[in-house]
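User: I should be grateful for a close look at one part of this model, namely the place where two strands pair, followed by an account of how the surroundings in the chain are arranged. Please keep to what can be read from the structure itself.

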Amino acid sequence: MGAAERKYFGSPDEVRSFPKGKLELVNIGGGIVGKLTLEPGWKWSEHVKPVAGTEWCEAPHFQYQTSGRFHVQMADGMEFDSVAGDVDLGRVSALTRAFM
């Protein structure tokens, strides 16, 4: 068994700020874990798309939502609302979100 690792989001390895939100990242166990904080009114298409330069978010997501509600629209047309307690999986080129 490998050595234990521990990280704290109070001092993340990287912070990416954007209008109405921020992403805090910690590197651990050879991977990256992120904490996304969004304000009401945030939309990927309005607040991140211009920076990303892509039509849809192209990052894979495996996430647990701790609070709030947001609407997810997939590139294939599937849509759903994610709420506190949900675990979501989004594949590459899959989603744009509106935080409510």
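Analyst: Two strands are taken as paired if DSSP finds at least two bridges between them. The model is a predicted one, and the pairing considered here is that of β4 with β7. Strand β4 comprises residues 61-64, and four bridges join it to β7, the two strands running antiparallel. Within this pairing, His61 stands opposite Gly90 of β7.

Strand β7 itself covers residues 87-90, and its side chains alternate along the strand. Asp88 and Gly90 point to one face and are buried, whereas Val87 and Leu89 point to the other face and are not buried. The residue that His61 faces, Gly90, therefore belongs to the buried face of β7, since buried stands for a relative accessible area under 20%.

The wider setting of these strands is as follows. The chain contains two helices and eight strands. Read from the N terminus, the order of the elements is β-β-β-α-α-β-β-β-β-β.

A second strand that deserves attention is β5, residues 69-74, in which Val72 lies. Val72 counts as buried because its relative accessibility is 1%, against a cut-off of 20%. In sequence, Val72 is separated from Lys43 by 29 residues, while their C-alpha atoms are 9.9 Å apart in space.

Elsewhere, aromatic rings bring separate elements together. A search of the whole structure finds one aromatic pair. It is formed by Phe18 and Trp42, whose ring centres are 6.3 Å apart and whose planes meet at 50 degrees, so the pair is classed as tilted. The pair links distant parts of the chain, 24 residues apart: Phe18 lies in strand β1 (residues 14-18), and Trp42 lies in the loop between β3 (31-38) and α1 (44-47). Both partners are buried, because Phe18 has a relative accessible area of 19% and Trp42 one of 3%, each under the 20% limit.

Values for the chain as a whole complete the picture. Of its 100 residues, 24% count as buried. Among contacts with a separation of 6 or more, 38% are between residues 24 or more positions apart. The accessible surface of the chain comes to about 6800 Å², and 55% of this belongs to carbon and sulfur atoms.

Key
Residues numbered from 1 in each chain as written. Predicted model: local features only at pLDDT ≥ 70, side-chain atom pairs only at ≥ 80, totals over all residues. Heavy atoms only, no water. Phe/Tyr/Trp six-rings, centres within 6.5 Å; stacked < 30°, edge-to-face > 60°. Buried < 20%, exposed > 50% of the residue type's maximum accessible area, 1.4 Å probe, protein only. Contact = heavy atoms within 4.5 Å. Areas by Shrake-Rupley, 256 points an atom, 1.4 Å probe, with all protein chains shown as cover.
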